[in-house]
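Q: I'd like to learn how to read a structure like this one, feature by feature. Can we walk through it together?

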Amino acid sequence: KEKEKEKEKEKEKEKEKEKEKEKEKEDVWYDEETKIDVDEEEKEKEDKGARMMEKVRMVLGAHMRFGDALNEITKPVDQHYVIRMRLPKWKPDVTVGVEGGMEGGYTEHLCVHSRFGMVPWNPTQIELLAKDWEIVAVPNPIYS
């Protein structure tokens, strides 16, 4: 009887270990494109950003050179939207916009906007010479 009880305890321990392994698998998802394990929170942020940009982004122009796109994003527009530029190969929520100026109290500069926030940006030569810049309209965060 004692041997049977020990065997039952061992089986229960094995089942618990299997459950723990299953939980670990649920906590991580596998990205087929990059072959990288990404934790669930990161996936959620990425999905949220992509869904947000799919809903709100309106492509106003495509296949432009950097200079033409820059001219477009500096023009005044409806206060409920902000005009930004992006390259099609970037993630859907990544855009470049002009920040600062009179209302910001500091010199105008380019910033990259994404689901993680905003950071100052300097384009690379590859980005400067690209011919496929898109102009997009996104809701102004002040009115969202």
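Q: Let's begin with a side chain. With which side chain does the side chain of R84 make a polar contact?
A: Keep in mind that this is a predicted model. For a polar contact, look for N or O atoms within 3.5 Å, one able to donate a hydrogen and the other to accept it. Here the partner of the R84 side chain is the side chain of H113, at 3.5 Å.

Q: What about charge: which side chain of opposite charge is nearest to R84, and how far away is it?
A: A salt bridge needs the side-chain nitrogen and the carboxyl oxygen within 4 Å. The nearest candidate for R84 is E99, 4.6 Å away, so by that cut-off there is no salt bridge. R84 is nonetheless buried.

Q: Where does R84 sit, and what does it touch?
A: Place the residue in its element, then list the contacts that sequence doesn't hand you for free. R84 belongs to strand β4, residues 81-86. Leaving out residues up to four places away in sequence, its contacts include I73, V96, H113, E134 and I135.

Q: E99 came up. Which residue is its bridge partner in β6?
A: Look across the paired strand. The partner of E99 is H109. β5 and β6 (residues 106-114) run antiparallel to each other and pair over 6 bridges.

Q: Why can β5 be called largely enclosed by the rest of the structure?
A: Count buried residues along the strand. In β5 (residues 95-101), 6 of the 7 are buried, so the rest of the structure largely encloses it. For the protein as a whole, 27% of the 144 residues are buried.

Q: Which residues have the most contacts inside the largest nonpolar core?
A: Treat the core as a network and look for its hubs. This one has 17 residues, and the best-connected are M85, W90, V96, W121, W133 and I135. Two or more residues each come from α3 (66-73), β4, β6 and β8. Take V96: its contacts beyond four places in sequence include M85, W90 and W121.

Q: Now a contrasting spot: is K131 buried or exposed?
A: Check the relative accessible area. K131 has 53%, which makes it exposed, because the cut-off is over 50%. It lies in the loop between α4 (125-129) and β8 (133-139).

Q: Which residues does K131 contact beyond its neighbours in sequence?
A: Exposed residues can still have partners, so check the list. Beyond four places in sequence, K131 contacts H63, M64 and R65. K131 and R65 are 66 residues apart in sequence, yet their C-alpha atoms are 4.5 Å apart.

Notes
Residues are numbered from 1 along each chain as its sequence is written. This is a predicted model: local features need pLDDT of at least 70, side-chain atom pairs count only at pLDDT 80 or more; totals for chains, interfaces and linings use all residues. Side-chain values use heavy atoms; hydrogens and water are left out. Helices (H or I, at least four residues) and strands (E, at least two) are DSSP runs, numbered from the N terminus. Buried means under 20% relative accessible area, exposed over 50%, partly exposed in between (1.4 Å probe, protein chains only). Contact means heavy atoms within 4.5 Å. Lys and Arg count as positive and Asp and Glu as negative; His and the chain ends are not counted. Two strands pair if DSSP finds at least two bridges between them. A nonpolar core is a set of buried Ala, Val, Leu, Ile, Met, Phe, Trp, Tyr and Cys residues joined through side-chain atoms within 4.5 Å.
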